[in-house]
Amino acid sequence: MNTLYKNIHQEMIDQCKEGNRKAQFQLYKLYYKAMFSVSVRIVNDQMEAEDVMQEAFLSAFNKIDTYKGEVSFGAWLKRIVVNRSLDYLKKRKVHFEEVNERTAQIAEYQMDTRELDAKVLKQAIQELSDGYRVVLSLYLIEGYDHDEISQILGISNSASRTQLLRAKNKLRDILKGKEIFSYN
């Protein structure tokens, strides 16, 4: 097979396509921490994220023949984890707010730039509502653009932008009253 993307783990991927359980376990060990982090940022519950991640890996190994090498294996797997995590949220009936152009004009306020303790920031992100947290995570952490987020979530591009802006403003509000300086 001629791939467009050279994977450093192509031999393991090929063995997985042949149903080799040892190769599947090796790939799992390589990617489970990163995929767990993706899932927990979206579902906001470690136990549920663990289940979602397991289902995503099973799905990936069942569909591994569809992996064409157009992107890295990690990016392909991450897309499956994101979709599974969003499926979980849909079961919880998380609502992604649609907005019209009038309500989309929300001012983004600024706060002083300071060093921030990663644990405090992580906790603040977990305090966001599901809709805000998902859009913020997909945009700022996972690197999706608004077009991709709108396709993934089934919302408009402007709704994605508005959710992100509101999430950032809410995050600033959460961080205002907390000790946010890190110690050198």
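**Figure 1. Contact of helices α7 and α8 in the predicted model**. In this predicted model, H146, D147, I149 and S150 of α7 meet N157, S160, R161 and L164 of α8. By class, the residues of this contact comprise 2 nonpolar, 4 polar and 2 charged. Helix α7 spans residues 146–153 and helix α8 spans residues 157–176. Their axes lie 8 Å apart and form an angle of about 105°. Helix α7 is therefore roughly perpendicular to α8, since angles of 65 to 115 degrees are assigned to that class.

**Figure 2. Surroundings of H146 in helix α7**. H146 belongs to helix α7 and takes part in the contact with α8. Leaving aside residues up to four places away in sequence, H146 touches Y139, N157, S160, R161 and L164. Among these partners, N157, S160, R161 and L164 are also the α8 residues listed for the contact of the two helices. The relative accessible area of H146 is 7%; because values under 20% count as buried, H146 is classed as buried.

**Figure 3. Backbone at N44, between α2 and α3**. N44 is located in the loop that links α2 (21–43) to α3. The phi of N44 is positive, at about 65°, although N44 is not a glycine. Most residues other than glycine have a negative phi. With a relative accessible area of 26%, N44 is partly exposed.

**Figure 4. Helices α3 and α5 and the confidence of the model**. Among the elements of the chain, helix α3 (residues 46–62) has the highest mean pLDDT, 95. Helix α5 (residues 118–127) has the lowest, 87. Over the chain the average pLDDT is 84, and 81% of the residues score at least 70.

**Figure 5. The chain as the setting of the close-up views**. The chain contains 8 helices and 0 strands, and its pattern along the sequence reads α-α-α-α-α-α-α-α. Of the contacts between residues at least 6 apart in sequence, 72% join residues at least 24 apart. The chain has 184 residues, of which 43% count as buried; H146 of Figure 2 is a buried residue, whereas N44 of Figure 3 is partly exposed. About 11200 Å² of the chain is exposed, with carbon and sulfur atoms supplying 48% of that area.

Notes. Residues are numbered from 1 along each chain as its sequence is written. This is a predicted model: local features need pLDDT of at least 70, side-chain atom pairs count only at pLDDT 80 or more; totals for chains, interfaces and linings use all residues. Side-chain values use heavy atoms; hydrogens and water are left out. Axes are lines fitted to C-alpha atoms, for helices over the stretch in contact, and angles run from 0 to 180 degrees between N-to-C directions. Helices (H or I, at least four residues) and strands (E, at least two) are DSSP runs, numbered from the N terminus. Angles under 35 degrees count as roughly parallel, over 145 as roughly antiparallel, 65 to 115 as roughly perpendicular and the rest as oblique. Contact means heavy atoms within 4.5 Å. Ala, Val, Leu, Ile, Met, Phe, Trp, Tyr, Cys and Pro count as nonpolar, Asp, Glu, Lys and Arg as charged, and the others, Gly among them, as polar. Buried means under 20% relative accessible area, exposed over 50%, partly exposed in between (1.4 Å probe, protein chains only). Accessible areas come from the Shrake-Rupley method with a 1.4 Å probe; for residues, only the protein chains shown count as cover. pLDDT is the predictor's confidence in each residue, from 0 to 100.
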